[in-house]
Structures are given as C-alpha cells and as structure tokens.
Amino acid sequence: QMQLVESGGGLVQAGGSLRLSCAASARSISRYHMGWFRQGPGNEREFVAAIERSATFTYYADSVRGRFTISRDNAKGTLLLDMNSLKPEDTAVYYCAAVRGGIAWGTSLQQRDAYDPWGQGTQVTVSS
C-alpha cells in the first residue's frame with residue numbers, strides 16, 4: 001500500500017506562511033485524487049483541500065479558500081499545501097491522504113471515509 005509522509009509543519013506568527021509537503025512512497029500517486037485534512041485541539045478531523053489526479057481541478061473548504069493553495073508534482077510523487085495569511089484557528093495537525101480508488105472527482109471529497117491511506121500528520125501552530 002502506498003505510504004504518505006508529511007513535512008513542513010512548525011510554529012509561525014499570525015499572518016505568516018508555511019508550505020506543507022507530502023511525499024508518496026510510489027510514483028503511482030498520479031492515479032489518485034489527493035487531499036489535505038486537519039485536526040485542531042478538541043476538534044474532529046476536517047477537510048481542507050483536494051486536488052484531482054492530473055491537477056486539473058481543486059476544491060477548498062470555505063475556511064481556507066483564498067489563503068491556501070493545493071498543488072501536486074506527480075513526477076516527484078509530491079503533494080503540497082501552501083498556506084498564507086495564517087490565523088491562530090489554523091493551528092492543527094495536518095494530514096495528507098489519497099482518495100480511495102473508484103471514487104470519482106466531485107463526490108465525497110469532504111468526507112474522511114473517502115480517503116485511504118493517510119499520512120502520520122505534521123503539526124502547524126499559529127501564534128497570535
């Protein structure tokens with residue numbers, strides 16, 4: 001099974017920027033739609049953004065639209081999340097995940113059950 005490893009988290013002041021990366025163990029990442037989720041303290045894991053397998057389409061949660069950008073480099077097996085204008089409420093563990101095979105783009109993208117496998121997560125902390 002493909003393995004995913006996130007990196008790039010850290011501590012940043014409000015208004016700052018971070019870039020998260022997700023490295024896949026196999027170049028077959030190009031077969032999968034991919035997404036980012038996050039889980040803040042005391043909260044359930046929530047959808048952040050998703051990208052279609054060929055990067056033709058993207059989809060964002062309302063809370064991050066206009067501030068975050070999801071992208072991918074299939075040749076390098078990498079998924080990215082550029083986060084700008086960060087807010088304290090963006091503090092969370094961020095996870096990358098692959099949409100399960102057979103799930104078409106546009107369906108169930110915000111549902112956790114649509115994704116497998118998952119990475120182990122990377123912590124992002126935004127100070128006020």
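Is Arg112 buried, partly exposed or exposed? I looked this up at the outset: Arg112 has 37% relative accessibility and therefore counts as partly exposed. I note here that the model is predicted, and the entries below should be read on that footing.

**Entry 1. Overall fold**

I began with the secondary structure and found eleven strands and zero helices. Along the sequence, the pattern is β-β-β-β-β-β-β-β-β-β-β. I then compared the radius of gyration with the globule rule: the value is 13 Å, close to the 14 Å given by the rule for 128 residues, so the protein is as compact as a globular protein of that length. Taken along the principal axes, the C-alpha atoms fill a box of roughly 40 × 25 × 25 Å.

**Entry 2. Burial, contacts and surface**

I looked up the buried fraction next, and buried residues account for 45% of the 128 residues. For contacts between residues at least 6 apart in sequence, I recorded that 59% join residues at least 24 apart. The exposed surface comes to about 6400 Å², of which carbon and sulfur atoms supply 45%.

**Entry 3. Charges**

I counted 13 positive and 11 negative charges in the protein, and their mean positions lie 5 Å apart. I then turned to the charged pairs and found six salt bridges in the structure.

**Entry 4. Asp82 and Arg19**

Which residue does Asp82 pair with in a salt bridge? The partner is Arg19, and the closest N and O atoms are 2.7 Å apart. I placed Asp82 in strand S8 (residues 78-83) and Arg19 in strand S3 (residues 18-24); the pair therefore ties together parts that are 63 residues apart in sequence. I also checked the accessibility of Arg19, which is partly exposed at 46%.

**Entry 5. Glu46, Arg38 and the network**

I found a salt bridge between Glu46 and Arg38, again with 2.7 Å between the closest N and O atoms. Are the two partners buried or exposed? Arg38 is buried, with a relative accessible area of 6%, whereas Glu46 is partly exposed at 36% relative accessibility.

**Entry 6. Glu44 and Arg112**

I returned to Arg112 and found that its side chain meets that of Glu44 in a salt bridge, at 3.8 Å from N to O. Glu44 sits in the loop between strand S4 (34-39) and strand S5 (46-51), and Arg112 in the loop between strand S9 (92-99) and strand S10 (115-118); the pair links distant parts of the chain, 68 residues apart. Glu44 is exposed, with a relative accessible area of 61%, while Arg112 is partly exposed at 37%. I then looked for salt bridges with shared partners, and these join Arg38, Glu46, Arg67 and Asp90 into one network.

**Entry 7. Asp113**

I located Asp113 in the loop between S9 and S10. Asp113 is exposed, and its relative accessible area is 64%. I also took its separation from Glu44: the two residues are 69 apart in sequence, and their C-alpha atoms are 13 Å apart in space.

**Entry 8. Backbone geometry**

Which peptide bond is cis, with omega near 10°? I found it to be the bond from Asp116 to Pro117. Pro117 belongs to strand S10.

I next looked at positive phi values in residues other than glycine. Ala55 has phi near 70°, which is a positive value in a residue other than glycine. Ala55 lies in the loop between S5 and strand S6 (58-60) and is partly exposed, with a relative accessible area of 38%.

Ser85 also has a positive phi, near 50°, and is likewise a residue other than glycine. I placed Ser85 in the loop between S8 and S9. Its relative accessible area is 39%, so Ser85 counts as partly exposed.

**Entry 9. Arg31 and Gly101**

Where is Arg31 found? I located Arg31 in the loop between S3 and S4. With a relative accessible area of 54%, Arg31 is exposed. The last separation I looked up was that of Arg31 and Gly101: they are 70 residues apart in sequence, and 8.4 Å apart in space from C-alpha to C-alpha.

Note on methods
Residues are numbered from 1 along each chain as its sequence is written. This is a predicted model: local features need pLDDT of at least 70, side-chain atom pairs count only at pLDDT 80 or more; totals for chains, interfaces and linings use all residues. Side-chain values use heavy atoms; hydrogens and water are left out. Helices (H or I, at least four residues) and strands (E, at least two) are DSSP runs, numbered from the N terminus. The radius of gyration is taken over C-alpha atoms; the globule rule is 2.2 Å times the number of residues to the power 0.38. Buried means under 20% relative accessible area, exposed over 50%, partly exposed in between (1.4 Å probe, protein chains only). Contact means heavy atoms within 4.5 Å. Accessible areas come from the Shrake-Rupley method with a 1.4 Å probe; for residues, only the protein chains shown count as cover. Lys and Arg count as positive and Asp and Glu as negative; His and the chain ends are not counted. The place of a charge is taken as NZ of Lys, CZ of Arg, CG of Asp or CD of Glu. A salt bridge is a side-chain nitrogen of Lys or Arg within 4 Å of a carboxyl oxygen of Asp or Glu.
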